[in-house]
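The exercises below concern aromatic pairs, backbone angles and pockets, and each task is followed by a solution that goes step by step.

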Amino acid sequence: MAELAALEDPKARAVNEKHGDDHGVNLGKLRALAKRLKTQQELARELWATQDTAARLLALLVCRPKAFGRDELDAMLRGARTPKVQDWLVNYVVKKNPHAEELRLVWTADPDPVVASAGWALTTEGVAKKPEGLDLPGLLDVIEAEMKGAPDRLQWAMNHCLAQIGIEHPEHRARAIDTGERLQVLKDYPTSPGCTSSFAPDWIAEMVRRQAPPVA
């Protein structure tokens, strides 16, 4: 904790707080610290218990993802109220855990939009890597009906899922693009130079273009 406190940077904190994250540690330095510590599951649990955001991010880098129980991960997600902690928890830990599919189903149906957004993040992973168990037309039905009015974090996660369906599954691409065009979600969201647009139709078009074989 003392080392983390020493890494505190007021400028980094100001930038992070604009995104809802209450920590001021440079993530590159945090990763370097994690690399030195290596995997330490008990330390990870102790760091998580502090409720400090920087400590929790470090915990997610030094933990053993498969060592957590289903109920433990559920409690961790519900207590992870900052975007970066939730994002790392889902991507670095839950996706590698044997309870991921069970949690995906529980979280997607949760009335808390922050919890539901984690379920949609896991669904998006499934769209890309394990679509066999997913009802893609059914997912598009839900996105069509609910994404426009969803709270920010949930809307963002649903939009990512919409784009992923269009990118990975040509048979659903036209519908995914049409849904994005009609809903206009994130149409005007600013895109940094060199980055892909968050507007699903543009996102799909760009990724499909990159995947196309070069013309001889």
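Helices here are DSSP runs of H or I with at least four residues, numbered from the N terminus. The model is predicted.

**Exercise 1.** Work out which elements supply at least two residues each to the lining of the largest pocket, and describe that pocket.

Solution. Begin with the volume: the largest pocket holds about 1100 Å³ of space. Its lining consists of 32 residues, and those closest to the centre are P83, K84, D87, R153 and W156. Turning to the elements, at least two lining residues come from each of α2 (10-18), α7, α9 (113-129) and α11. As for chemical character, the lining of the largest pocket divides into 13 nonpolar, 11 polar and eight charged residues.

**Exercise 2.** Find how many aromatic pairs the model contains, and classify each by its geometry.

Solution. A pair of aromatic rings is described by the distance of the centres and the angle of the planes. The centres must lie within 6.5 Å, and planes under 30 degrees apart count as stacked, over 60 as edge-to-face and the rest as tilted. By this rule there are two aromatic pairs. In the pair of W88 and Y92, the ring centres are 5.1 Å apart and the planes stand at 40 degrees, so this pair is tilted. Both residues belong to helix α7 (residues 83-93), where they are four residues apart, about one turn of the helix. W88 is buried, at a relative accessible area of 2%, whereas Y92 is partly exposed, at 25%.

In the pair of W156 and Y189, the ring centres are 5.0 Å apart and the planes lie at 65 degrees, so this pair is edge-to-face. Because W156 lies in helix α11 (residues 152-168) and Y189 in the loop between α12 (173-183) and α13 (200-211), the pair ties together parts that are 33 residues apart in sequence. W156 counts as partly exposed, with a relative accessible area of 38%, and Y189 is likewise partly exposed, at 43%.

**Exercise 3.** For Q51 and L186, state the sign of phi, and decide for each whether it is buried or exposed.

Solution. Most residues other than glycine have a negative phi, and most peptide bonds are trans. Q51, although not a glycine, has a positive phi of about 70 degrees, and this residue sits in the loop between α4 (41-49) and α5 (53-62). The cut-off for exposed is over 50% relative accessible area, and the one for buried is under 20%. With a value of 60%, Q51 is therefore exposed. L186 also has a positive phi, near 65 degrees, and is a residue other than glycine; its place is the loop between α12 and α13. At 16% relative accessibility, L186 is therefore buried.

**Exercise 4.** Determine which element gives the most to the lining of the second largest pocket, and how the lining residues divide by character.

Solution. The volume of the second largest pocket is about 310 Å³. Among the residues that line this pocket are K95, E101, R104, L122, E125 and K129. Two elements, α8 (100-108) and α9, give two or more residues to the lining. Of the elements, α9 gives the most, with four residues. By character, the lining of the second largest pocket divides into three nonpolar, three polar and six charged residues.

How values were computed: Residues numbered from 1 in each chain as written. Predicted model: local features only at pLDDT ≥ 70, side-chain atom pairs only at ≥ 80, totals over all residues. Heavy atoms only, no water. Phe/Tyr/Trp six-rings, centres within 6.5 Å; stacked < 30°, edge-to-face > 60°. Buried < 20%, exposed > 50% of the residue type's maximum accessible area, 1.4 Å probe, protein only. 1 Å grid on protein atoms, 1.4 Å probe; cavity = no way out; pocket = protein on both sides within 12 Å on 5 of 7 lines; lining within 4 Å. Points joined across faces, edges and corners; volume = space filled by probe spheres on them. Nonpolar A, V, L, I, M, F, W, Y, C, P; charged D, E, K, R; others polar.
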